[in-house]
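Dear colleague,

Please find below the structure I promised to hand over, together with its sequence. My notes on what was found in it follow directly.

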Amino acid sequence: MQKEQAIVLHGEGVRTHDVKSAIHDFNAQRQMNPELGKAVGHLVLSWSSFDKDKLSQKIMVERAAEYMAKMKIQNTQYLIVEHRDTNQPHIHILYNRVDNAGKSISDRFQKRINQKVCKEMTMKHGYYMGKGKTLVNRARLKGIDKARYELAGQIKMASRSAVNWKQLEGALSSKGIGIIYKYKSGTNQMQGISFEKDGTVLKGSKVDRSMSFPALDRTLRENFQHQMAVRRRMLDQGILPPAQEKMLTHRYGLPHCREENLLKDLMDPVTQHDTINPNLRRKQKRKKSRGLHL
């Protein structure tokens with residue numbers, strides 16, 4: 001409420017003419033359930049800058065009410081405050097987790113439910129749905145979201161030129177990123193990969209769908225096939241000496257993965273790889289002992 005250009009759009013069960021009164025009203029209701037620790041919830045609804053013409057203060061209040069109903073935040077005090085400090089229209093919702101009957105409003109699984117609700121409302125009202133990560137304001141990201149976007153950018157760049165897993169590992173290692181291969185318990189069946197940087201471990205699919213093991217393996221295969229086609233053209237034109245024709249398969253570099261016949265590698269479908277480097281296995285165990293799950 002005290003931020004520059006802040007506008008109080010609506011208050012339910014809370015006086016809005018000054019901050020002190022609002023705090024008093026929240027605290028008064030909180031006393032009905034004094035054992036609840038974090039009694040005031042804070043949420044932000046943000047739209048794309050492309051949606052500015054579709055919004056008014058009245059519509060933002062209506063969307064906030066719709067959002068809270070879907071999130072099961074009902075029968076309680078709340079404030080809706082608009083901020084105009086960014087290019088994206090956005091409002092802050094402060095609500096009392098002690099409802100009007102003195103019962104606690106759960107905040108469990110809030111992040112997961114929020115993603116579902118926001119997607120539903122975006123599609124329902126025809127708001128702009130971002131594609132990819134190009135318009136994300138990365139300077140405002142924090143914590144795990146910041147790490148995820150940084151990893152996505154660096155992995156994407158490294159995978160553009162790599163033709164096998166060893167090359168990809170080397171390119172990522174120079175950026176301080178490690179790859180952890182995950183195998184099905186008790187078997188040699190590859191299940192996926194995770195990436196580690198600065199103590200943070202994220203599954204490839206959680207970084208981005210294009211960073212899962214099958215997706216990256218497909219990218220490396222395509223890079224490999226493209227480079228082989230270029231080399232073959234160079235051989236046909238006499239530019240490349242025959243002695244340089246040999247090239248490692250796109251799968252080279254996976255722990256204990258044998259190099260296969262070049263033609264067979266080009267024709268066979270992508271396979272799941274079988275063994276794990278002992279050093280990486282020990283690394284996984286250390287991470288698990290710290291409570292990090294892959």
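Four aromatic pairs are counted in this predicted model. One of them joins Trp165 and Tyr181, whose ring centres lie 6.0 Å apart with 70° between the planes, an edge-to-face arrangement. Trp165 belongs to helix 5 (residues 165–173) and Tyr181 to strand 5 (residues 178–183), so this pair ties together parts that are 16 residues apart in sequence. Trp165 is buried, its relative accessible area being 0%. Tyr181 is likewise buried, with a relative accessible area of 0%.

Trp165 also pairs with Phe213: the ring centres are 5.2 Å apart and the planes meet at 15°, so the pair counts as stacked, the cut-off for stacking being under 30 degrees. Phe213 lies in helix 7 (residues 213–236) and Trp165 in helix 5, so this contact links parts 48 residues apart in sequence. Both Trp165 and Phe213 are buried. Taken together, Trp165, Tyr181 and Phe213 make up one aromatic cluster.

Trp165 appears again when the nonpolar cores are considered. The largest nonpolar core has 21 residues, and Trp165, Leu168 and Phe195 are those with the most contacts inside it. At least two residues of this core come from each of helix 4 (143–161), helix 5, strand 5, strand 6 (190–197) and helix 7. Helix 4 gives the most, with four residues. Another core, of 20 residues, lies apart from this one; Leu9, Leu55, Met68 and Met121 are among its members. As general background, nonpolar side chains tend to be buried together in soluble globular proteins.

Two of the elements that supply the largest core, strand 5 and strand 6, are also elements of a sheet. This open sheet has three strands in the order 5-6-7, with antiparallel pairing. Strand 5 and strand 7 (200–203) stand at its edges with a single partner strand each, so one side of each has no neighbour in the sheet. From one strand to the next, the twist averages 30°. Strand 6 and strand 7 run antiparallel and are joined by four bridges; Ser194 stands opposite Lys203 in strand 7. Helix 5 packs on this sheet, where it touches strand 5 and strand 6, and its direction makes about 135° with that of strand 5.

A further open sheet consists of four strands in the order 1-3-4-2, and its pairing is antiparallel. Its edges are formed by strand 1 (7–12) and strand 2 (40–46), each of which has a single partner strand, so one side of each is left without a neighbour in the sheet. On average, neighbouring strands here are turned by 15° against each other, direction ignored. Within this sheet, strand 3 (residues 78–83) and strand 4 (residues 90–96) run antiparallel and are joined by six bridges. Tyr78 stands opposite Tyr95 in strand 4. Helix 1 (residues 19–30) lies across strand 2, strand 3 and strand 4, and runs at about 40° to strand 4.

In brief, Trp165 may serve as a starting point for inspection: Trp165 forms one aromatic cluster with Tyr181 and Phe213, and is among the residues with the most contacts inside the largest nonpolar core.

With kind regards

How values were computed. Residues are numbered from 1 along each chain as its sequence is written. This is a predicted model: local features need pLDDT of at least 70, side-chain atom pairs count only at pLDDT 80 or more; totals for chains, interfaces and linings use all residues. Side-chain values use heavy atoms; hydrogens and water are left out. Two strands pair if DSSP finds at least two bridges between them. Axes are lines fitted to C-alpha atoms, for helices over the stretch in contact, and angles run from 0 to 180 degrees between N-to-C directions. Contact means heavy atoms within 4.5 Å. Rings of Phe, Tyr and Trp (its six-membered ring) pair if their centres lie within 6.5 Å; planes under 30 degrees apart count as stacked, over 60 as edge-to-face and the rest as tilted. Buried means under 20% relative accessible area, exposed over 50%, partly exposed in between (1.4 Å probe, protein chains only). A nonpolar core is a set of buried Ala, Val, Leu, Ile, Met, Phe, Trp, Tyr and Cys residues joined through side-chain atoms within 4.5 Å.
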